[in-house]
Amino acid sequence: MNPNFLQIIDILGTFAFAVSGAFSAMEKKLDPFGVLVLAFVTAIGGGTLRDILIGDLPVSWLKNETTTILIFVSAICAMFFAGFLKRFPITLFVFDAFGLGLFTIYGIGKGIQLHFSTGICIALGTITACFGGVTRDVLLNNVPLLFRKEIYALACVAGGLIYFAFKGLQIDPDLSRILCILIIVTIRIIAVKFKLSLPLFYSQKEKL
Amino acid sequence: MNPNFLQIIDILGTFAFAVSGAFSAMEKKLDPFGVLVLAFVTAIGGGTLRDILIGDLPVSWLKNETTTILIFVSAICAMFFAGFLKRFPITLFVFDAFGLGLFTIYGIGKGIQLHFSTGICIALGTITACFGGVTRDVLLNNVPLLFRKEIYALACVAGGLIYFAFKGLQIDPDLSRILCILIIVTIRIIAVKFKLSLPLFYSQKEKL
Amino acid sequence: MNPNFLQIIDILGTFAFAVSGAFSAMEKKLDPFGVLVLAFVTAIGGGTLRDILIGDLPVSWLKNETTTILIFVSAICAMFFAGFLKRFPITLFVFDAFGLGLFTIYGIGKGIQLHFSTGICIALGTITACFGGVTRDVLLNNVPLLFRKEIYALACVAGGLIYFAFKGLQIDPDLSRILCILIIVTIRIIAVKFKLSLPLFYSQKEKL
């Protein structure tokens, strides 16, 4: 696959994740250092947990300063240009959706490399894409949005299943990666546009 | 020891832990994906932290699909048969107590294998048994129940101490494992039945 | 450097961190086991995360019983002598500041040993010093104090930068370590004395 294409998505996705972390921190009135930490944790949390679980240590962002600098710049941008950035919610949402797709496919790729089973690979992809947001919410003392929001993690799972279906059909890996990212982005857009979410199951006590 | 016997306890314990995670998630009205994640985290959280701390990576559930499938099925059960399962609170409690005992002994066993000291082995056993519930509570934005509930983690510590006492007395390891699991179960049953909990120490400020 | 000097700071810092964890737990009325766990997590949380991220496993407190025993004793002290200890808030604050300084320099040292870049080393030092307090706050269901308090993590970052400046100037490593610890302590004392904190950036929505 054209590495530049993937890299651009990676940069935009990391930027969107970092900005989302920074905005959440500012809403809780954290100080600038807190904003920086939250931007960081949101952007690298998922990949970090994945690397720890599979034992690929030191974790990747320790070995690659580019990510660290990119997140730093994103957090500064979020603090100084909050008003400006908030005028483009759809752009940020689309970046976020691409980040979600890319991180899922990236996590799955690492799982395949280490010969994990299909189910585990999809779980690793979903963790890579979603766990940063979960850590952000836990640090800010919220119930993770992931568990309450329109189809989010499920988009990753769906994208992962389709990726393995394509693999079974021997479709070119690069093509199937791009297709899966686009599928995840599409699911997210449809889910948010039509406010789709999973039906709830309440425990009996709650129903009364 | 009869491996089937231990395996049955493992399955029942994992089931009880997963169901407890799923029920907590449903009480907070998470969506089905959130319920699934909470079931998962509650059942494998303790073993995962233990494996990370001792550096036995990739963590065990990545290498063993059975656990993953079992938890998946448990969460589905919890969602569809919540009303039915809630009619058997004592059964679920007993499963949970057996899970607690087994996970403690299992964690201690891993510590002994790696030649850690007695205190560290007991800490590892307690972490294995208790940390899943702590993660569940943190994700759901509660102060961990563990820190407020009738003798829970302490049952694990007591079981662990007795295990090493038996080891010192050169009692057959298999027998002493079974005895320790039963002791932990008994402590839990007595603690819950008589609502035993540790006396509180308040900081002076609080007393006023 | 005189190892006794560093060891004494290490003991006092660990004591201060453990006591701070225990006091926070008592304020939330946790049971004694909870107090013990919180003391433990506050004192070893930062070093544990650092060791996991860089892959130096098993984490250091598993290999060194002294720390475990020290924390245990600190937590017991905190429970029995809360009233007495609370009469010396400045002493505890100074211990904590020295702990912060030492843990930062210690974390940076581990990073240098593994040939990480300057930025990453400072991040590792800051994580070592600060993450224990973050875990304490997350477990107790508070938004981490770190993100809201007078210059805390920033003191670590500043100390780290100065350490590398000294290194560039080829100042004796032992001397520069001691100087950096003192600088971090001084920054903390000035920040708390004059109630310094970082200016806040609010998101536009918040300003209305």
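User: Where does the cut-off for an exposed residue lie in this predicted model?

Analyst: A residue is exposed if 12 or fewer other C-beta atoms lie within 10 Å of its own. It is buried if there are 20 or more, and partly exposed in between. The model is predicted. The cut-off for exposed is therefore 12 or fewer.

User: Is B:H115 buried or exposed?

Analyst: B:H115 is found in the loop between helix 6 and helix 7 (118-139) of chain B. Around B:H115, 8 other C-beta atoms lie within 10 Å. The cut-off is 12 or fewer, so B:H115 is exposed.

User: Phi of B:H115 has which sign?

Analyst: Most residues other than glycine have a negative phi. B:H115 is a residue other than glycine, with phi near 60 degrees. The sign at B:H115 is positive.

User: What is phi of C:H115, and where is the residue placed?

Analyst: C:H115 counts as exposed, with 8 C-beta neighbours inside 10 Å. Its place is in the loop between helix 6 (89-113) and helix 7 (118-139) of chain C. Phi of C:H115 is positive, near 60 degrees.

User: Is A:I178 buried, exposed or partly exposed?

Analyst: A:I178 lies in helix 9 (residues 173-193) of chain A. It has 18 other C-beta atoms within 10 Å. Buried needs 20 or more and exposed 12 or fewer, so A:I178 is partly exposed.

User: How many Å apart in space are A:I178 and A:F33?

Analyst: In sequence, A:I178 and A:F33 are 145 residues apart. In space, C-alpha to C-alpha, the separation of A:I178 and A:F33 is 36 Å.

User: Is the peptide bond from A:L57 to A:P58 cis or trans?

Analyst: Most peptide bonds are trans. A:P58 sits in the loop between helix 2 and helix 3 (60-63) of chain A. Omega of the bond from A:L57 to A:P58 is near -5 degrees, and the bond is cis.

User: What is omega for the bond from C:L57 to C:P58?

Analyst: In chain C, the loop between helix 2 (32-54) and helix 3 (60-63) holds C:P58. The bond from C:L57 to C:P58 is cis, with omega near -5 degrees.

User: Which kind of axis relates chain A to chain B?

Analyst: Chain A superposes on chain B with an RMSD of 0.0 Å. The operation is a rotation of 120 degrees with 0.0 Å of shift along its axis. That is the relation of a three-fold axis.

User: Which C-alpha of chain A is nearest the axis when chain A is laid on chain C?

Analyst: A turn of 120 degrees and a shift of 0.0 Å along the axis lay chain A on chain C, with an RMSD of 0.0 Å. The C-alpha nearest that axis is 3.7 Å from it, and belongs to A:N141.

User: Which elements give two or more residues to the side of chain A that touches chain B?

Analyst: Contact joins 26 residues of chain A with 27 residues of chain B. By class, the chain A side has 16 nonpolar, eight polar and two charged residues. Its elements giving two or more residues are helix 2 (32-54), helix 7 (118-139), helix 8 (153-168) and helix 10 (204-207) of chain A.

User: Do chains A and B meet through different surfaces, and what percentage of the interface residues of chain A are also interface residues in chain B?

Analyst: The figure for shared interface residues is only 12%. The copies therefore meet through different surfaces, and the percentage is 12%.

User: Which helix gives the largest share of the side of chain A that touches chain C?

Analyst: Here 27 residues of chain A are in contact with 26 residues of chain C. The chain A side divides into 17 nonpolar, four polar and six charged residues. The largest share, six residues, comes from helix 2 of chain A.

User: What is the orientation of helix 2 of chain A to helix 4 of chain A?

Analyst: The two axes come within 9 Å and cross at roughly 130 degrees. The crossing of helix 2 past helix 4 in chain A is right-handed. Among the residues in this contact are A:V35 and A:L36 of helix 2 and A:I71 and A:A75 of helix 4. Angles of 65 to 115 degrees count as roughly perpendicular and over 145 as roughly antiparallel, so helix 2 and helix 4 of chain A are oblique.

User: How do the residues of the contact of helix 6 with helix 8 of chain B divide by class, and which residues meet there?

Analyst: The helices pack at about 50 degrees, with their axes 10 Å apart. B:L100, B:G101, B:T104, B:I105 and B:I108 of helix 6 meet B:A155, B:C156, B:G159, B:G160 and B:Y163 of helix 8. The contact divides into six nonpolar, four polar and no charged residues.

Terms used. Residues numbered from 1 in each chain as written. Chains lettered and ligands numbered in written order. Predicted model: local features only at pLDDT ≥ 70, side-chain atom pairs only at ≥ 80, totals over all residues. Contact = placed C-beta atoms within 7 Å. Helix = DSSP H or I, 4+ residues; strand = E, 2+ residues; numbered from the N terminus. Nonpolar A, V, L, I, M, F, W, Y, C, P; charged D, E, K, R; others polar. Least-squares fit on C-alpha atoms with pLDDT ≥ 70 in both. Axes fitted to C-alpha atoms, helices over the stretch in contact; angles between N-to-C directions. Parallel < 35°, antiparallel > 145°, perpendicular 65-115°, else oblique. Left-handed = near helix turned anticlockwise from the far one by under 90°.
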